[in-house]
Amino acid sequence: MAIIKVEHLVKKFDNLSAVNNISFEVEEGTIFGFLGPNGAGKTTTINILCTLLSPTSGWTFIAGHDCMKEPAEVRKSIGIVFQDTTLDKDLTAYENLIFHAYLYNVPKNERQERVCDVLKFVDLFDRKDDLVKKFSGGMKRRLEVARGLIHRPRVLFLDEPTLGLDPQSRANLWEFIKELPGKHHVTIFMTTHYMEEAEVCDRIAIIDNGKIIAMGSPAELKMTVGGDIVYIRTTDNVKTKEEIKRLFGFDVSEKGEELYLTCVMGDTCIPEMIRTIGEGVLSVRLQRPTLNDVFLKLTGKAIREEEASEGDNVKEYVRAHRRRH
Amino acid sequence: MEFNAIYVIVAREFKKFIRERSRLISTIARPLLWLFIVGAGMSRLVSPNTGVPYIQFIFPGILGMTILFSSIFSSISIIWDKEFGFMKEILVAPVSRFSIVIGKALSGTVISTIQAIIILALFPFIGFKLGIFQIIEVILICTALSFSISAFGIVLATFYESYESFSVIMNFIIMPMFFLSGAMYPVKLLPDILKLISKLNPLTYGIDAMKHVIFKFETGPMSPDFSYIIDVAVIIGTSIIFVIVAGKLFERKK
């Protein structure tokens with residue numbers, strides 16, 4: 001069953017289209033990723049889905065409720081971890097969570113138990129009476145995820161959950177996010193501009209300039225690049241090149257001391273090639289395509305390049321626009 | 001009504017208020033300075049045959065000042081909440097905007113009333129003899145006035161996104177509201193234009209109501225400026241209007 005449904009969603013800030021006619025569905029119990037450079041429209045989409053922003057046109061439904069017409073129902077079914085922390089730093093971890101429990105009308109006799117449960121789940125139970133301002137970035141993020149789970153939402157939004165975290169906390173957070181659908185019966189909708197992080201998703205939508213340019217599982221998307229790249233170094237590169245071309249029909253190119261070629265099933269291709277070429281092989285390595293290659297192929301640019309250019313303009317624009325209200 | 005949500009919004013503000021000793025000390029210190037320094041100094045200047053000694057005259061005004069500062073500060077903490085993101089946590093919750101506004105207004109009410117009671121407890125030191133019913137009546141007025149001013153503060157806070165605007169609010173709203181509230185001088189003695197502005201100021205009526213209770217039988221120039229009924233009606237009326245306006249402004253989506 002599709003728990004999130006988005007149809008022809010458009011959001012314009014004056015003449016600037018932050019989201020430009022996107023449609024997609026997310027299946028219940030899966031991890032869905034929105035992947036794209038900063039300013040591609042990811043956060044704007046989340047803000048519309050969680051009822052903070054109204055769309056210019058289009059429809060959005062969560063758990064069967066219209067985000068525009070039934071915001072209260074939608075809010076009950078979602079939990080959110082925003083890009084920037086939304087904890088009260090002057091309260092303790094426990095107080096922040098209990099606040100949330102009251103706000104979401106968790107029954108009186110369950111409040112304490114649920115708060116303690118999620119604190120244990122994110123490994124922060126020992127620190128529950130410490131003020132949040134003493135917490136590290138990773139701890140705060142974990143606490144926010146915990147908070148988002150207290151009211152047992154059906155969808156948990158994670159907007160760039162690992163932004164600003166060190167590599168170790170990032171890895172820990174992912175381990176823990178992966179367990180969420182199974183342990184808490186929740187669907188995850190996340191955004192990221194880190195390609196490696198999108199690998200945990202069941203399905204990914206690649207978004208650029210407010211449009212979805214590709215959608216599918218990580219494996220499917222990588223297939224679109226054309227397969228794996230095999231690098232070979234031999235004693236006689238010229239002769240090998242000829243041979244591979246003749247026997248396997250691959251286009252072989254040269255880069256430094258290595259030859260390389262693209263093939264769909266690199267891992268089964270290699271043994272065959274070595275058997276045929278014989279003794280001259282010095283080294284072989286296989287490179288799997290990454291989502292970065294997918295993005296590169298689709299847009300002609302690497303995802304990081306955009307960060308300082310167009311993306312920031314949109315952000316600046318949105319900020320300026322907000323200030324006027 | 002979402003009582004759990006309203007309760008927890010008030011509980012949070014109260015907890016933070018108790019923890020921030022410096023905030024408590026500074027909000028108590030300001031009225032004390034005005035009362036005992038400005039009040040004592042001006043007493044020498046104002047003729048004693050106006051009926052009420054000046055230091056006694058400004059006492060209701062100082063209570064009003066305590067409420068004004070404390071309520072507005074409490075409400076514009078919403079701007080802090082916006083800047084540090086906590087407001088988003090509240091806004092995405094399944095809680096009506098109206099309940100959020102009521103919760104915030106009650107937070108300001110609780111905190112301001114506590115401070116006003118602390119200042120009120122000083123009355124014997126400036127030569128007042130107040131009966132228990134007078135004290136209760138003043139506290140009730142303080143509570144209602146705190147609610148009205150807190151709700152007004154929320155309306156203000158909805159117009160600002162960052163704390164940079166704080167000095168603007170301080171200099172162009174809070175200070176004029178204080179000076180044109182009948183706190184320092186009777187409204188009836190002001191020039192026409194200032195009299196008009198004072199009449200548009202909700203704080204004026206709160207202070208006037210307290211004057212009715214504290215200077216019961218006074219008839220001279222220092223006596224209250226409006227009738228008690230009008231005072232009470234304005235306090236209650238503005239409370240309702242400000243809460244509704246604040247609720248509407250909160251409802252707005254971009």
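Which residue in E9(A) is the bridge partner of A:Gly33? Select A:Gly33 and A:Ile204 in this predicted model: A:Ile204 is that partner.

**The sheet in chain A**

Extend the selection to residues 31-35 and 203-208 of chain A, which are strands E3 and E9. These two strands run parallel and pair over 4 bridges. Now show the whole sheet, in which E3 and E9 are two of 6 strands. Reading across, the order is E6-E7-E8-E3-E9-E10, and the sheet is open with mixed pairing. Colour the edges next: strand E6 (78-81) and strand E10 (211-216) of chain A each pair on one side only. Looking along the sheet, the average turn between neighbouring strands is 15°, with direction ignored.

**The interface with chain B**

Turn to chain B and select its residues in contact with chain A: there are 26, and they touch 33 residues of chain A. The area buried between the two chains is about 2,900 Å², and carbon and sulfur atoms account for 59% of that area.

For a polar detail, pick A:Glu95 and B:Lys15, whose side chains form a salt bridge at 3.6 Å, N to O. The count between chain B and chain A is 6 salt bridges. Polar contacts across this interface link 9 residue pairs, with both residues at pLDDT 80 or more.

Then highlight helix H1 (3-19) and helix H5 (86-91) of chain B, the elements that each give two or more residues to the side touching chain A. H1(B) supplies the largest share, 9 residues. Colouring this side of chain B by class gives 13 nonpolar, 2 polar and 11 charged residues.

Technical notes
Residues numbered from 1 in each chain as written. Chains lettered and ligands numbered in written order. Predicted model: local features only at pLDDT ≥ 70, side-chain atom pairs only at ≥ 80, totals over all residues. Heavy atoms only, no water. Contact = heavy atoms within 4.5 Å. Buried area = accessible area lost by both parts, 1.4 Å probe. Salt bridge = Lys/Arg side-chain N within 4 Å of Asp/Glu carboxyl O. Polar contact = N/O pair within 3.5 Å; in protein donor to acceptor, adjacent residues only side chain to side chain. Nonpolar A, V, L, I, M, F, W, Y, C, P; charged D, E, K, R; others polar. Pairing = 2+ DSSP bridges. Axes fitted to C-alpha atoms, helices over the stretch in contact; angles between N-to-C directions.
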